[in-house]
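Colleague: I'd like to learn how you get from a set of atoms to words like "buried" or "pocket". Can we go through one example together?

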Amino acid sequence: MCGIIGYVGRRPAVPVVVEGLHRLEYRGYDSAGVAFVRNNSFRVIRAKGKLGALEEKLASEQTTTATCAMGHTRWATHGVPAERNAHPHCSNDDSLAIVHNGIIENFQELKAELAAKGYVFYSETDTEVLVNLIAECRKDEPELLRAFAAALRRARGAYAVCLMERNAPDTFYAARMSAPLIFGLGTGENFAASDIPAFLPYTRKVIFLDDGDIVRATARDYDIFRLENLEPVAHEPQTVLWDMQAAQKNGYRHYMLKEIFEQPRVMTDVLAGRISEQGDSVLFPELDSLPVPVRLHIVACGTSWHSALWGRHLLEDWARIPVQVEIASEFRHRDNFLFERDEMALVISQSGETADTLAALRIARERGATVIGLCNIIGSSIAREATAVLYTQAGPEISVASTKAMCSQMLMLALLALYWQARRGNTDESRQIPRGQRISALVSLPAVLGDALSAMHEKARELSRKYAKADNFFYLGRGHCFPLALEGALKLKELSYIHAEGYAAGEMKHGPIALVDPAFPTFAIAPDDPLFPKTKSNIVEVQARQGKVIALTNEGTDLSADDIWTIPRLPSPLAGFVVLPALQLFSYEMADYLGKDVDQPRNLAKSVTVE
Ligand code: AGP
């Protein structure tokens, strides 16, 4: 949940690290800090709040001589957001400094052991325990690499760490266990960071470190060892195709807005190479050697879970595969869950690092299931641990609120449904729309959305001015629109802090409708599909209780509402591909109008790597 970066090279290190922290700030932003060596002692500058507060402090610091530095941006786990809990942390003897993302689960026990030896702790963090443990191990292992490994072998839990030594200010060390860490190889400079954009301006050559890897890096050299025996390991560097443009705002007010507008391009990228030349079949060579699942268990969190709920409709309807959708944090604790033969798990995660989803993947694999990972981040833990991985090609998603990632996941799920439908071969195509027609509909999506986005943005802005005073909102939908109602409500609450509930429209009368009054508006998702008449009845029921309604529908439907928002007509259930951006734009405009921090909402972090 935090972001870390280490740098060593020919440039002044502190500005490089601070710039990297800006690109990692989406991972956590309650405090930040940097460490470097000046005049043979550590300078550790930390500040509570966003990076601006740290930069203010750094403005009066002499930093230009340091060519090695590390930094941290924090999402609090152990210890409240405060300067004393911000990283980096130093050992009591000030010989070592560390930055850490993750949780050392046995830190209380290690802390007690160190306290008994006279160590003093100035923070409530597990990280300060770790750096002192390394210092303690060093009493028996003078070589820092060995002491570092010895300490890490005693730590249980998850970590990505960077470590520096006061007496060797031209070297940093880094290690990972169940938390992301990528090594970047530059020319005369090296990096380690929680995510690639942190060093993307300087290099695209990367090594995705494995759990249990320890790195020692200088400007011109690096070595990677295994934690258990310190045997050297060789990883082939890879070149990432992202460019800096993909990780910048490119003139948009916020990353979120840019990412919403990127969705037509994302869909084009998802489709590339997935449709046969004849346009009549869908290609997933990654899955050709695996059986078609007799039942699919999809596991995910948050927005990715909403994608799964949406995808279930297509997998069941088009491919005729029974699907169960699970919230990862619930699934991981269902001890008696068993996979039958040829049942399969599909885990969905933009980051590929969500702790609950990763744990679910591991449990499914332990229980003998084949696990497909649907991820955006190349080389992420889920991508590496799944039996087969499908990349969603959404590019870097910087805004904490997920937008284009969901669009890419939905499109991948639609393609998967068509792929498995063809492989099963025994579905009754006569009662279905021909596959070729569905493929054409998917191929047309980027153009449909591209043409519609600007007008949708305008409408979202207009509605936000009218509804910004609401303290509560209902989002209603039926069938494939129910998961979208959940997503609309999630987006509104996470961005604008307005209470919002997503409901299956038919459930309203079983209790929630009691809340409806003139100050409690409803956002109804009612495209012209077979369920429209039913959704319309639910809208009328809300209106009968003086509830105001925004209805997202198609031209020509017989519906009256306080605000009718018409969107392009797409065959059901593909309406989701235009409903989703409408919901995203509405939440974006509401939050921006209310003056909220759109890209970095309070209390959140992009990548939830804690349980
Ligand atoms: C949604 O806007 C959130 N950022 C959050 O719900 C997110 O989708 C969830 O944490 C899952 O993340 P993942 O896709 O990276 O696993």
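Modeller: Let's start with a rule: the expected span of a helix is 1.5 Å times one less than its number of residues. One thing to keep in mind is that this is a predicted model. Helix α1 (residues 13–24) has 12 residues and reaches 16 Å from its first C-alpha to its last.

Colleague: How do you know what span to expect for α1?

Modeller: The rule takes 1.5 Å a residue, and for α1 that gives an expected 16 Å. The span in the model is close to that value.

Colleague: What makes you call α1 mostly covered?

Modeller: A residue counts as buried when its relative accessible area is under 20%. Nine of the 12 residues of α1 pass that test, so the helix is mostly covered. Among them are A13, V14, G20 and L24. The covering comes from elements including β1 (3–9), β2 (31–38) and α2 (51–58).

Colleague: Why is β12 called largely enclosed?

Modeller: The same kind of test applies, with buried meaning under 20%. Four of the five residues of β12 are buried, so the rest of the structure largely encloses this strand.

Colleague: How do you know that β12 pairs with β8 and with β13?

Modeller: Two strands pair if there are at least two bridges between them. Five bridges join β8 to β12, and five join β12 to β13; each count meets the cut-off of at least two, so both are pairs. Both pairs run antiparallel. For instance, R176 stands opposite D213 in β12, while I214 has F225 in β13 as its bridge partner. A hairpin of four residues links β12 to β13.

Colleague: What makes β5 and β13 edge strands?

Modeller: They belong to an open antiparallel sheet of six strands, ordered β5-β6-β7-β8-β12-β13. β5 (89–90) and β13 (222–226) each have a single partner strand, so one side of each has no neighbour in the sheet.

Colleague: How do you know that helix α5 packs on this sheet?

Modeller: Contact means heavy atoms within 4.5 Å. Helix α5 (residues 144–154) touches β6, β7, β8 (172–177), β12 (213–217) and β13. Its direction makes about 25° with that of β8.

Colleague: What makes the five-strand sheet a parallel one?

Modeller: Its strands, in the order β21-β20-β22-β23-β24, pair in the parallel sense. The edge strands here are β21 (499–504) and β24 (563–566), each pairing on one side only. Take β20 (residues 472–477) and β22 (residues 522–525): three bridges join them in the parallel sense, and F474 stands opposite T522 in β22.

Colleague: What makes one empty space a pocket and another a cavity?

Modeller: In a cavity, a 1.4 Å probe fits but cannot get out, whereas a pocket is an open set of points. The largest pocket has a volume of about 640 Å³. Of the 36 residues lining this pocket, C301, G302, T303, L490 and V608 are the closest to its centre. Helix α14 gives the most to the lining, with six residues.

Colleague: And how many cavities of 30 Å³ or more does the search find?

Modeller: Two, in a search of the whole structure. The largest cavity has a volume of about 190 Å³. Its lining has 23 residues, and Y26, R27, D195, S351 and I377 lie nearest the centre.

Terms used. Residues are numbered from 1 along each chain as its sequence is written. This is a predicted model: local features need pLDDT of at least 70, side-chain atom pairs count only at pLDDT 80 or more; totals for chains, interfaces and linings use all residues. Side-chain values use heavy atoms; hydrogens and water are left out. Buried means under 20% relative accessible area, exposed over 50%, partly exposed in between (1.4 Å probe, protein chains only). On a 1 Å grid over the protein atoms alone, a cavity is a set of points where a 1.4 Å probe fits but cannot get out, and a pocket is an open set with protein on both sides within 12 Å along at least five of seven lines; lining residues have an atom within 4 Å of a point. Grid points are joined across faces, edges and corners, and a volume is the space filled by probe spheres set on the points. Axes are lines fitted to C-alpha atoms, for helices over the stretch in contact, and angles run from 0 to 180 degrees between N-to-C directions.
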